Amino acid sequence: MSLAANTKINTMTEHSKLTDKSLFRSQAYVDGSWVDSASNKTFKVTDPGTCETLGHVSDMNASDVQSAIDAAHRAFAVWKQTTARERARVLRGWADLMIKNQEDLARVLTLESGKPIMEARGEILYAASFIEWFGEEAKRVYGDVVPSPMPGSRIMAMKQPVGVAGIITPYNFPAAMITRKVGAAIAAGCTVVVRPAHETPYSALALCELAHRAGIPRGVLNVVPSSAENTPSVGLELTTNPRIRKVSFTGSTPIGKLLMQQSSSTMKRVSLELGGNAPFIVFDDADLEAAAEHLVACKFRNSGQTCVCANRVYVHENVYDEFVDKFIAKVEKLRVGHGLDKGTTFGPMITERGLLKVEDQLQRSVAAGAKIVMGGHRPSLHVRGHYFEPTVLTNVSDSVPMSCEETFGPLCPIYKFASEEEVLQRANNVDVGLAGYFFSRDIGRIFRVAEALEVGMVGVNTGSVSSEVSPFGGVKESGVGREGSKYGIDEYMNVKAINISL
């Protein structure tokens, strides 16, 4: 592990380098217009790579959100009547504008999330892929003709948009988490009210600017940023307002449970993509070089702040030492620094509270006997920020928080195992089940383990499980529903049965 060039980064200087400065918006987007909060209050957004102020954004409260819901409700009456071809055309235009403005969008994303610029560019393409995909899927929302048990009658099943959707997104993928949800909803014929994470609202607002240019009608897309203080009341409005018929949330399991409980008051449909604790298993017949390479990306992408990143690494005892050596050699090539600094491949954590959680998990693991073989500190850089070194540990107990809870940070514990049966029991011994990974060249084992892992997504000989065409979601306490793929649009549709007597 090394430090990037670490020339002095100034947040506002980097912001001034945007080619199209109109993409950097600070107001809410409601009913096709840029608006302040009724209170005229704002909240501060900081660059996690410098802790400098990036800007101030309109702080929408529950009353402001109610106005956005009313606008979405009015727009739904018209938008649901548009043809699938028209919705596809508008969405394709939005996706094209995202790709055209990739560099500016990536810069905004890096400034508010700390993500290295190369990762940010990749996220913009990833985000655009969902808009393009769901635009195409709009034209493939098929119903059924069902054979009737009665003579002289016909039965049809048709799909209709569920209504106004309330969408709450996290800070770790400020662009892609918006488009994966909003793309499906708008393609289905729904209208949306989006509350982006208060740490990263600028990406959502930049996407609104491009959606406006693409011709998405007023009221179809509404974005209402709010401060941490207003978040509970805004969330309550989105989950209890009777005009909202669908809630989609990505975030922690405890908050997901709260939103699900609140949504039950009006029996809303919910999609919840919640926490994970992904196992990454390396069997003794694996390609160790490939496994180590994929683990670096799977564990340390976005500084470990992804819900599907490897959280527990299990390596067969026969190849344990060899694998650890290969893995450390690759981790040492990472360069820590500000996301816009030349050479950076590993940026800061987004929040101070996330950094404190990482330090707490590390300290408790070491107190229980874990050994730090690499990293373990806040590095010394020329810029302030929420930095923590990529850290590798061995001899970690199965009972410490690092093993039992989602870390959401750059800690990589590596455990030994002796048999397939043992590692499956340990991998499944958690309350969540979002993603899981394993490396093996035994075709029988590949099918056995893939089917036995209690997760919603499995990566076999790869550390990646997500794309616009693949269903994304978990089992157990990792949530309900699926995003992306042909299944994602169904989350925003109702199935209506029509019985006709001839």
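**Figure 1. Three strands make an open antiparallel sheet in the order β6-β7-β24.** The model shown here and in the other views is predicted. β6 (144–146) and β24 (493–501) are the edge strands. Each of these two pairs on one side only. From one strand to the next, the twist averages 25°. β6 and β7 (residues 153–161) run antiparallel and are joined by 3 bridges. Within this pair, Val-146 stands opposite Ile-155 of β7. Strands of a sheet pair through backbone hydrogen bonds, either parallel or antiparallel.

**Figure 2. A second view shows an open sheet of 7 strands with mixed pairing.** The strand order is β16-β17-β18-β14-β13-β20-β21. At the edges lie β16 (371–374) and β21 (457–460), each paired on one side only. The twist of this sheet averages 25° from one strand to the next. Helix α14 (residues 420–427) packs on the sheet. α14 touches β13 (278–282), β14 (310–316) and β18 (411–417). The direction of α14 makes about 145° with that of β18.

**Figure 3. At one edge of the 7-stranded sheet, β16 runs antiparallel to β17.** β17 covers residues 391–394. The two strands are joined by 3 bridges. One bridge partner can be named on each strand: Lys-371 is matched with Thr-394 in β17.

**Figure 4. Helix α15 (residues 443–452) has a buried side and an exposed side.** Arg-445, Ile-446 and Val-449 are buried. These residues sit on the same side of α15, because they cover an arc of only 105° around the axis. Ile-443, Phe-447 and Glu-451 are exposed on the other side of the helix. The buried residues of α15 pack against three elements: α14, β20 (435–439) and β21. Of these, α14 also packs on the 7-stranded sheet. β20 and β21 are themselves strands of that sheet, with β21 at an edge.

**Figure 5. Asp-31 has a positive phi although it is not a glycine.** The phi angle is about 55°. Asp-31 lies in the loop between β2 (28–30) and β3 (33–35). Is this loop residue buried or exposed? Asp-31 has a relative accessible area of 17%, so it counts as buried under the 20% cut-off.

**Figure 6. Phe-408 is not a glycine, yet its phi is positive.** The value is about 60°. Phe-408 belongs to the loop between α13 (401–404) and β18. That strand is part of the 7-stranded sheet, and β18 is touched by α14. Phe-408 has 18% relative accessibility and therefore counts as buried.

**Figure 7. The whole protein, for orientation, has 16 helices and 24 strands.** What radius of gyration would a compact globule of 502 residues have? The expected value is near 23 Å, and the protein has 23 Å, which agrees. Taken along the principal axes, the C-alpha atoms fill a box of roughly 70 × 65 × 40 Å. Of the 502 residues, 58% count as buried. The protein exposes about 19,500 Å². Carbon and sulfur atoms supply 53% of that area. Among contacts between residues at least 6 apart in sequence, 74% join residues at least 24 apart.

Note on methods: Residues are numbered from 1 along each chain as its sequence is written. This is a predicted model: local features need pLDDT of at least 70, side-chain atom pairs count only at pLDDT 80 or more; totals for chains, interfaces and linings use all residues. Side-chain values use heavy atoms; hydrogens and water are left out. Two strands pair if DSSP finds at least two bridges between them. Helices (H or I, at least four residues) and strands (E, at least two) are DSSP runs, numbered from the N terminus. Axes are lines fitted to C-alpha atoms, for helices over the stretch in contact, and angles run from 0 to 180 degrees between N-to-C directions. Contact means heavy atoms within 4.5 Å. The radius of gyration is taken over C-alpha atoms; the globule rule is 2.2 Å times the number of residues to the power 0.38. Buried means under 20% relative accessible area, exposed over 50%, partly exposed in between (1.4 Å probe, protein chains only). Accessible areas come from the Shrake-Rupley method with a 1.4 Å probe; for residues, only the protein chains shown count as cover. The arc is that of the directions from the helix axis to the C-beta atoms.
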